[in-house]
Amino acid sequence: MPLLLQDPVGHWLLVAAAGAVVVGEVAASYLGRARDGERGLMRSRGTKTPQDRGTRVAVALGAYLGIAAAIVIAKVPGLRDYANNWWTLGLGIAIVLAGAGLRDWSIVSLGRWFRREVTIEPGQKLVRRGPYRVLRHPSYTGLILIFAGFGLAIGSWVGAAAALLIVVAGMLPRIRVEERALATAFGAEYTEYASSRARLLPHVW
């Protein structure tokens, strides 16, 4: 039986980690917009150009399916080998919090340009600060870490790998759409930026 179903302490640690992820994202969104000026945000909202093409749904579906797969896998005794203990629970939660920290940093760095759908707004600038100095999509890297960490904390290395792969699969359409929109909006500037930075993982992709 998964540790989370045996010990209420483990259960509530995971619940607390999930709460920290949500609170951190809300706080980062507020801080980023406040830093760049709420007045400028409101001025640009009326003329934004959404280009999401339904990819927000794909990301959400990947997240739900990833967690569901991790839960189902953790219920299979043979797939909990070398996991389902306090060490992997702690490591999983640490990965969750690291991913949340990276995503929150990304949101604050984007400031008022942060949106949960692919949107290009008049006057928008190509952000190169914070984690965007290294990665093109650090907020997505953060999300991947969050769900992989939850998969491990639930009790299985296999579940963590499954959650990671499913979440990445849900993000691929979003990344393609977003990069196409950025290339159209910023042209050679984005081409130059993208040529020197990985998408999700330095020196890998």
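**Burial on helix H8 and an enclosed cavity**

Helix H7 (157–186) is among the elements that cover the buried residues of helix H8, where contact denotes heavy atoms within 4.5 Å, and helices are DSSP runs (H or I, at least four residues) numbered from the N terminus. The structure is a predicted model, in which local features need pLDDT of at least 70 and side-chain atom pairs count only at pLDDT 80 or more, whereas totals for chains, interfaces and linings use all residues. Residues are numbered from 1 along each chain as its sequence is written, and side-chain values use heavy atoms, with hydrogens and water left out.

In H8 (residues 188–195), the buried residues (under 20% relative accessible area, 1.4 Å probe, protein chains only) are Tyr190, Tyr193 and Ala194. Seen down the axis of H8, these buried residues fall within an arc of 95 degrees, so they line one face of the helix, the arc being that of the directions from the helix axis to the C-beta atoms. On the other side of H8, Ala188, Thr191 and Ser195 are exposed, that is, over 50% by relative accessible area.

A cavity is taken as a set of points on a 1 Å grid over the protein atoms alone where a 1.4 Å probe fits but cannot get out, with lining residues having an atom within 4 Å of a point. By this rule, 1 cavity of 30 Å³ or more is counted, and the largest cavity has a volume of about 30 Å³, the volume being the space filled by probe spheres set on the points, which are joined across faces, edges and corners. Helix H6 gives the most to its lining, with 3 residues.

Notes:
On a 1 Å grid over the protein atoms alone, a cavity is a set of points where a 1.4 Å probe fits but cannot get out, and a pocket is an open set with protein on both sides within 12 Å along at least five of seven lines; lining residues have an atom within 4 Å of a point. Helices (H or I, at least four residues) and strands (E, at least two) are DSSP runs, numbered from the N terminus.
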